[in-house]
Amino acid sequence: MANGLAYSRVVTSPEVMKQLAATLVPYLHPADVVVLTGDLGAGKTQFVQGVAQALGVRGAVVSPTFNIVLQYDSGRLPLYHFDLYRLDEGESLEDIGFYDIVDADGVSFVEWGDRFESQLPYDYLNVSITVDDSGARRVRVRSFGDRSRQMLCVWANDSKSRLMKCSGPRWS
Ligand SMILES: Nc1ncnc2c1ncn2[C@@H]1O[C@H](COP(=O)(O)OP(=O)(O)OP(=O)(O)O)[C@@H](O)[C@H]1O
Ligand SMILES: [Mg+2]
């Protein structure tokens, strides 16, 4: 269950999406998990590319749709980028080594994690991206668990993130 905090802002370009993602990076610790939700083409991978850039990852960060998970070791922390869109619903996250990876030394960003919501770890940050009629993106952030709540507090207090407190939709 989300534990109370909800922030949002509108993002009008891919560059600004990457800049917003970069403002989260100073607050990331090993074993942090960020679940990205939103339709195809919403901007989830753009967000992860902004994180990768700010971590100092060298080289291209591409969508892991066909790999399920891609690992980048050249930044300040190892980055694990999951895309569960093509993972068969009959499979479990355990089958792909998800829990071993997310509990390890790096930070994990999980696209389409909501497809396996009942299997997600107890503590994670949810970044949800929706597209409005003009093409602008509304980014909503919620925390699930104590660690992600703490992470969201400091991120939202970072003036560069420009996240605004919101009541958000009801979620369970
Ligand atoms: N404000 C914006 N923020 C992010 N991306 C934007 C924005 N406006 C336009 N775009 C474009 O939308 C696309 C987002 O693609 P991206 O691969 O990040 O989506 P995705 O959510 O990861 O989709 P998928 O579920 O297919 O992996 C890019 O082509 C990007 O240039
Ligand atoms: Mg993607």
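Alanine 31 lies in the loop between α1 and β2, where helices (H or I, at least four residues) and strands (E, at least two) are DSSP runs numbered from the N terminus. Although alanine 31 is not a glycine, it has a positive phi of about 80°, and with a relative accessibility of 33% it counts as partly exposed. In this scheme buried means under 20% relative accessible area, exposed means over 50%, and partly exposed is in between, with a 1.4 Å probe and protein chains only.

The model is a predicted one, in which local features need pLDDT of at least 70 and side-chain atom pairs count only at pLDDT 80 or more, while totals for chains, interfaces and linings use all residues. Residues are numbered from 1 along each chain as its sequence is written, chains are lettered from A and ligands numbered from 1 in the order in which they are written, and side-chain values use heavy atoms, with hydrogens and water left out.

A positive phi is also found at arginine 162, about 55°, although this residue is not a glycine. Arginine 162 sits in the loop between α4 (146-157) and β8, and it is exposed, with a relative accessible area of 54%.

The strands form an open sheet of 8 with mixed pairing, in the order β3-β4-β5-β2-β6-β7-β1-β8; two strands pair if DSSP finds at least two bridges between them. The edge strands are β3 (69-72) and β8 (164-165), each of which pairs on one side only. Helix α1 (residues 14-24) packs on the sheet and touches β1 (6-11), β2 (33-37), β5, β6 (124-131) and β7 (137-144), and its direction makes about 150° with that of β1. Contact here means heavy atoms within 4.5 Å, and the axes are lines fitted to C-alpha atoms, for helices over the stretch in contact, with angles from 0 to 180 degrees between N-to-C directions.

At the β3 edge, β3 and strand β4 (residues 79-83) pair in the antiparallel sense over 4 bridges, and a hairpin of 6 residues joins β3 to β4. Tyrosine 72 has leucine 79 of β4 as its bridge partner, and glutamine 71 has tyrosine 80. The side chains along β3 alternate, since Leu70 and Tyr72 point to one face and are buried, while Val69 and Gln71 point to the other and are not. Valine 57, in the loop between α2 and β3, is buried at 11% relative accessible area, and it touches Ala52, Tyr72, Ser74, Gly75 and Leu79, not counting residues up to four places away in sequence.

The magnesium ion (ligand 2) has as protein donors Thr45 (OG1) and Glu111 (OE), which lie 2.1 Å from it. Threonine 45 lies in helix α2 (residues 44-55) and glutamate 111 in strand β5 (residues 107-111), so the pair ties together parts that are 66 residues apart in sequence. Donors are N, O and S atoms within 2.8 Å of the metal (3.2 Å for Na, K and Ca), and water is not among the atoms, so sites may look incomplete. Both threonine 45 and glutamate 111 are buried.

The table lists polar contacts of ligand 1, a polar contact being a pair of N or O atoms within 3.5 Å; within protein, one must be able to donate a hydrogen and the other to accept it, and residues adjacent in sequence count only if both atoms are side-chain atoms.

| Residue | Atom in the residue | Distance to an oxygen atom of ligand 1 |
|---|---|---|
| Glycine 41 | polar backbone atom | 2.8 Å |
| Glycine 43 | backbone N or O atom | 2.9 Å |
| Lysine 44 | polar side-chain atom | 2.7 Å |
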